[in-house]
Amino acid sequence: MSHLRLGDTAPDFEQESSAGPIRFHEYLGNSWGVLFSHPADFTPVCTTELGYTAKLADEFAKRNVKVLALSVDGADSHSKWIEDINDTQSTKVNFPILADKDRKVSELYDMIHPNANATLTVRSVFIIDPNKKVRLIITYPASTGRNFNEILRVIDSLQLTDSHSVATPVNWEDGDDVIIVPSLQDEAVIKQKFPKGYKAVRPYLRITPQPNK
């Protein structure tokens, strides 16, 4: 069993899926990735989650993100379930679902929590950057469907903060003001990076318009 932490390299693997065999790092290429597990096929919460994720295809594409789902069900089950998802959620599932019957990937990514359920995967989410580094880990209980708009929000934040010397405050959404990182103290550099200026609420709390807007 693996205990992944932020900044770790996401383990590579090869596994069957609803779209055929997938080698994870090759599948991601130079894209960001969202790997998420669900407890089981033909279950109500999971059906709504994968349906909504499919509807976000354009949002993921414009952020250069590839999505990959997983459960311990087989590929045949996934294929049949996809028909149900498409029908009940009025969408078309456009990403692979890993068929992790041997739990190889589930164990690599610590997706089975025995004190919750000894056989089924929990609702894990991993955001992985183009360098194959783990940037976010969230685990939800089986009874709670995930907020995939929050997943998009985190990706927006990561992509912004990777490119600019900023952090994003509470409840930030794309286009909102951001915070200049405390490590940046050179006023000449600050003026160059943030020509719109900033408001210093405290020396460590400097608010500025989002620099790429």
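Q: In which loop is the place of Asn171?
A: This is a predicted model, so let's start with its backbone. Asn171 has a phi near 60°, a positive value in a residue other than glycine. Its place is in the loop between strand E8 (166–167) and strand E9 (178–180).

Q: Is Asn171 buried or exposed?
A: The cut-off to keep in mind is that exposed means over 50% relative accessible area. Asn171 has a relative accessible area of 63%, so Asn171 is exposed.

Q: Which residue in the loop between E3 and H2 has a positive phi, near 55°?
A: Most residues other than glycine have a negative phi. The residue asked for here counts as partly exposed, at 44% relative accessibility. With phi near 55° and a place in the loop between E3 and H2, that's Phe42.

Q: What is the relative accessible area of Arg63?
A: Arg63 sits in the loop between helix H3 (57–62) and strand E4 (65–71). Buried means under 20% relative accessible area. Arg63 is buried, and its value is 12%.

Q: Which residue's side chain joins that of Arg63 in a polar contact of 2.8 Å?
A: Leaving out residues up to four places away in sequence, Arg63 touches Trp32, Leu152, Ile155, Asp156 and Gln159. The polar contact of 2.8 Å is between the side chain of Arg63 and that of Glu59.

Q: How far does helix H6 reach from its first C-alpha to its last?
A: H6 covers residues 148–163, which is 16 residues. At 1.5 Å a residue, the expected span is 22 Å. The helix comes close to that, reaching 23 Å.

Q: Which residue has a side-chain oxygen within 3.0 Å of the backbone nitrogen of Asn149?
A: Look at the start of H6 for this one. The backbone nitrogen belongs to Asn149, and the side-chain oxygen that reaches to within 3.0 Å of it belongs to Asn147.

Q: Which element gives the largest share of the largest nonpolar core?
A: The largest nonpolar core has 27 residues, and those with the most contacts inside it are Val34, Phe36, Leu50, Phe60, Phe95 and Ile127. Elements giving two or more residues to it include strand E3 (32–37), helix H2 (44–55), helix H4 (75–89) and strand E6 (123–128). The largest share is six residues, and it comes from H6.

Q: How many residues are in the second, separate core?
A: Phe24, Leu28, Met111 and Val134 are among its members. The count for this second core is 16 residues.

Q: Which Val is in contact with Phe95, leaving aside neighbours within four places in sequence?
A: Phe95 is among the residues with the most contacts inside the largest nonpolar core. Its partners include Ser18, Phe36, Leu50, Thr53, Ala54 and Ala69. The Val in that set is Val67.

Q: How far apart do the C-alpha centres of domain 1 and domain 2 lie?
A: The domain assignment gives domain 1 (8–150) and domain 2 (164–208). The C-alpha trace of the whole chain spans about 60 × 35 × 30 Å along its principal axes. As for the two domain centres, they lie apart by 35 Å.

Q: What percentage of the residues in the protein chain is buried?
A: The chain has seven helices and 11 strands. Its accessible surface comes to about 10800 Å², of which 49% belongs to carbon and sulfur atoms. Out of 213 residues, the buried ones make up 44%.

Notes
Residues numbered from 1 in each chain as written. Predicted model: local features only at pLDDT ≥ 70, side-chain atom pairs only at ≥ 80, totals over all residues. Heavy atoms only, no water. Helix = DSSP H or I, 4+ residues; strand = E, 2+ residues; numbered from the N terminus. Buried < 20%, exposed > 50% of the residue type's maximum accessible area, 1.4 Å probe, protein only. Polar contact = N/O pair within 3.5 Å; in protein donor to acceptor, adjacent residues only side chain to side chain. Contact = heavy atoms within 4.5 Å. Domains from an automatic or database assignment. Expected span 1.5 Å × (residues − 1). Areas by Shrake-Rupley, 256 points an atom, 1.4 Å probe, with all protein chains shown as cover. Core = buried A, V, L, I, M, F, W, Y, C linked by side-chain atoms within 4.5 Å.
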